Amino acid sequence: MTQLTRRRFNRRLALALGLGLGSVALGAPAQTPVAEAPLAGGRAAGQATMRFLGLEIYQAQLWVSPGFEPEQYAALPLALELTYQREFSGSAIAKRSLDEMKRIGEFSSEQGTRWLQQLQALLPDVKRGDRLLGLHQPGVGASFKMGGKTLGTLNDPLFSRLFFGIWLSPATSEPKLRQALITLAAP
């Protein structure tokens, strides 16, 4: 597949996923388990594989703090790890994230522009097997890690709530994925 064809495919794939045309394999085991929980005092809550037209896009795994309640997902610290099964540019991930965040809640165009610029600056291009970890800290914001290295932090509680809402909000475009992630989250 040429670079141009791959980019066109990735754009179409991102659009289709945004329209909810993906499918979810519930409870699929992560290919590359994490050596230790990425959230101090946390526990694994669930996992799933996001698919599109039979192709694996990423595997997601959620860790939650004690007392986690799905309807109040942003009230306590949590960690979400995506293990990518395909190549995507960091810029495409940032744009898709912002589009999905618009489904979750309202924010100004200035906030959206600022968040997009920040995400594009810190999210790397990913390839098969890359693991991107997001950490939510209520009242503070979100930090992102890859390969044990911190990529950056967005110190904005609203951003963090909406970003993690992509997967955890009842308004998510992928309710089956949400359900698989919170399967074991009951207090």
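1. In this predicted model, strand S2 (residues 43-52) is joined to strand S3 by nine bridges, and the two strands run antiparallel. One of the facing pairs is formed by Gly-46 and Leu-62, the latter in S3.

2. The turn of this hairpin merits attention. Two residues lie between S2 and S3, and Leu-53 adopts a positive phi near 50°.

3. S3 also pairs with strand S4 (residues 78-84); this pairing is antiparallel as well and comprises seven bridges. Here Tyr-58 is found opposite Tyr-84, which belongs to S4. S3 thus has pairings with both S2 and S4.

4. How many of the 10 residues of S3 are buried? Eight are, so strand S3 (residues 55-64) is largely enclosed by the rest of the structure. A residue is taken as buried when its relative accessible area is under 20%.

5. Helix H4 (residues 157-168) has a length consistent with its residue count: at 1.5 Å a residue, its 12 residues should span 16 Å, and the C-alpha atoms at its ends are 15 Å apart, which agrees.

6. At the start of H4, the backbone nitrogen of Leu-158 has a side-chain oxygen of Asp-156 within 3.0 Å.

7. H4 is mostly covered, with nine of its 12 residues buried. The buried aromatic positions are Phe-159, Phe-163, Phe-164 and Trp-167. Leu-162, Ile-166 and Leu-168 are buried too, as are Ser-160 and Gly-165. In an α-helix there are 3.6 residues a turn, so residues three or four places apart point the same way.

Methods. Residues are numbered from 1 along each chain as its sequence is written. This is a predicted model: local features need pLDDT of at least 70, side-chain atom pairs count only at pLDDT 80 or more; totals for chains, interfaces and linings use all residues. Side-chain values use heavy atoms; hydrogens and water are left out. Helices (H or I, at least four residues) and strands (E, at least two) are DSSP runs, numbered from the N terminus. The expected span of a helix is 1.5 Å times one less than its number of residues. Buried means under 20% relative accessible area, exposed over 50%, partly exposed in between (1.4 Å probe, protein chains only). A polar contact is a pair of N or O atoms within 3.5 Å; within protein, one must be able to donate a hydrogen and the other to accept it, and residues adjacent in sequence count only if both atoms are side-chain atoms. Two strands pair if DSSP finds at least two bridges between them.
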